[in-house]
Amino acid sequence: MKIIIANWKMYVSYKQAQQFFIAHQQALATLAKHTQLVICPSSESLSTAAQLLKNDGIFLGAQECSAFNPGPYTGQVSAQSLKELGCSYAIVGHSEQRRYLGYTDHLITQSALHLLAQAITPIICCGENAQDYELNHTAHILKQQLEPILKTIAAASPEHKSIILAYEPVWAIGTQAIAPQDHVQQQINFIKQLAQTYLPAYTIAIVYGGSVSYTAMESLSGIAGLDGVMVGHESTDFQKLEKIVLSYV
Ligand code: PGA
């Protein structure tokens, strides 16, 4: 089954999330029969989501996980709490967190390790910016971002050996600019190769993110080895999300 990750970012408030789940509970459960649907609301909505979506076959994902052990870290959410809340996945290393919050490769790696220790599958994001894309430096950037993380995970050898790698060109996020099919195909192949080199014994899924919409699905569906998509803004509108899912089954 294809993986569809709904990354709600900070688009949906606590009350709006609650209303979304109540209004579309049955339809979401139907979609979850066709696809591996992961919904990632903001942290404050995780508990409500877990209650309203339980038994519906939908997976819960977090957008944030602390790089630190539980302790004096104001504003942080621990991997342990995410586990207790019922999260199966959590996004780490998203370019918005790198850009606006200064998250570094080291912090991202630590978050991923904490998640794996709780048997939560990290969704590790990577992607080049517009300039690197223009200069044809994508492979170099992806290697730079992913290699240290994959190496550290390999060395830590957690029991939970499952990871999602999300290729998200920064210039394609929230811009309605979809990366060309051959470009995405090349990066998917490259990421797959990297993952196989460092984590041969792991279950690795590779997804694409960046302005995913129903109209983009035709091009994305043709990409070999692509296990799914991460959908930002369009996933906050149920009808749009449903169209994307149904076009991908
Ligand atoms: P977008 O976001 O679909 O709104 O471009 C994707 C993402 O950042 O995961």
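This is a selection-by-selection tour of a predicted model with a bound ligand.

**The ligand and its shell**

Start with the ligand and display the residues around it. The shell holds 13 residues, and the closest are K9, H94, E168, G174 and S211. Coloured by class, the shell splits into four nonpolar, seven polar and two charged residues.

Next, draw distances from the oxygen atoms of the ligand. A polar side-chain atom of K9 lies 2.7 Å from a ligand oxygen. From G174, a backbone N or O atom lies 2.6 Å from an oxygen atom of the ligand. G232 also offers a backbone N or O atom, at 2.9 Å from an oxygen of the ligand. The protein covers 98% of the 280 Å² of accessible area that the ligand has on its own.

**From K9 to S42**

Keep K9 on screen and add S42. The side chain of S42 reaches the backbone oxygen of K9 at 3.3 Å. S42 itself is found in the loop between strand 2 (36-40) and helix 2 (46-53). Is S42 buried or exposed? Its relative accessibility is 9%, so S42 counts as buried, the cut-off being under 20%. For a sense of distance, select F20 as well: S42 and F20 are 22 residues apart along the chain, and their C-alpha atoms are separated by 13 Å.

**Two loops with positive phi**

Return to S211, one of the closest residues to the ligand. S211 sits in the loop between strand 7 (203-209) and helix 9 (217-221). Its phi is near 55 degrees, a positive value in a residue other than glycine. Most residues other than glycine have a negative phi.

Then select Q176, in the loop between strand 6 (162-167) and helix 8 (181-198). Q176 is not a glycine either, yet has a positive phi of about 65 degrees. Q176 counts as exposed because its relative accessibility is 75%, and the cut-off for that class is over 50%.

**S235**

Move to the loop between strand 8 (228-231) and helix 10 (238-246), which is the place of S235. The side chain of S235 reaches back to the backbone oxygen of V231, at 3.1 Å. With a relative accessible area of 0%, S235 is buried.

**Helix 7**

Now select residues 138-156, which make up helix 7. How far apart should the ends of its 19 residues be, at 1.5 Å a residue? The expected span is 27 Å, and the end C-alpha atoms are 27 Å apart, so the two agree. The helix nevertheless carries a kink of about 35 degrees at L146, shortly before the proline P148.

Colour helix 7 by burial. The buried residues are T138, I141, L142, Q145, L146, E147, I149, L150 and I153. An α-helix has 3.6 residues a turn, so residues three or four places apart point the same way.

Pick out L142 from this set for a last check. L142 is found in helix 7 and is buried, with a relative accessible area of 0%. To finish, measure from L142 to T203. These two residues are 61 apart in sequence and 19 Å apart in space, C-alpha to C-alpha.

Technical notes: Residues are numbered from 1 along each chain as its sequence is written. This is a predicted model: local features need pLDDT of at least 70, side-chain atom pairs count only at pLDDT 80 or more; totals for chains, interfaces and linings use all residues. Side-chain values use heavy atoms; hydrogens and water are left out. A residue is near a molecule or strand if one of its heavy atoms lies within 4 Å of it. A polar contact is a pair of N or O atoms within 3.5 Å; within protein, one must be able to donate a hydrogen and the other to accept it, and residues adjacent in sequence count only if both atoms are side-chain atoms. Accessible areas come from the Shrake-Rupley method with a 1.4 Å probe; for residues, only the protein chains shown count as cover. Ala, Val, Leu, Ile, Met, Phe, Trp, Tyr, Cys and Pro count as nonpolar, Asp, Glu, Lys and Arg as charged, and the others, Gly among them, as polar. Helices (H or I, at least four residues) and strands (E, at least two) are DSSP runs, numbered from the N terminus. The expected span of a helix is 1.5 Å times one less than its number of residues. The bend at a residue is the angle between axes fitted to the seven residues ending there and the seven starting there. Buried means under 20% relative accessible area, exposed over 50%, partly exposed in between (1.4 Å probe, protein chains only).
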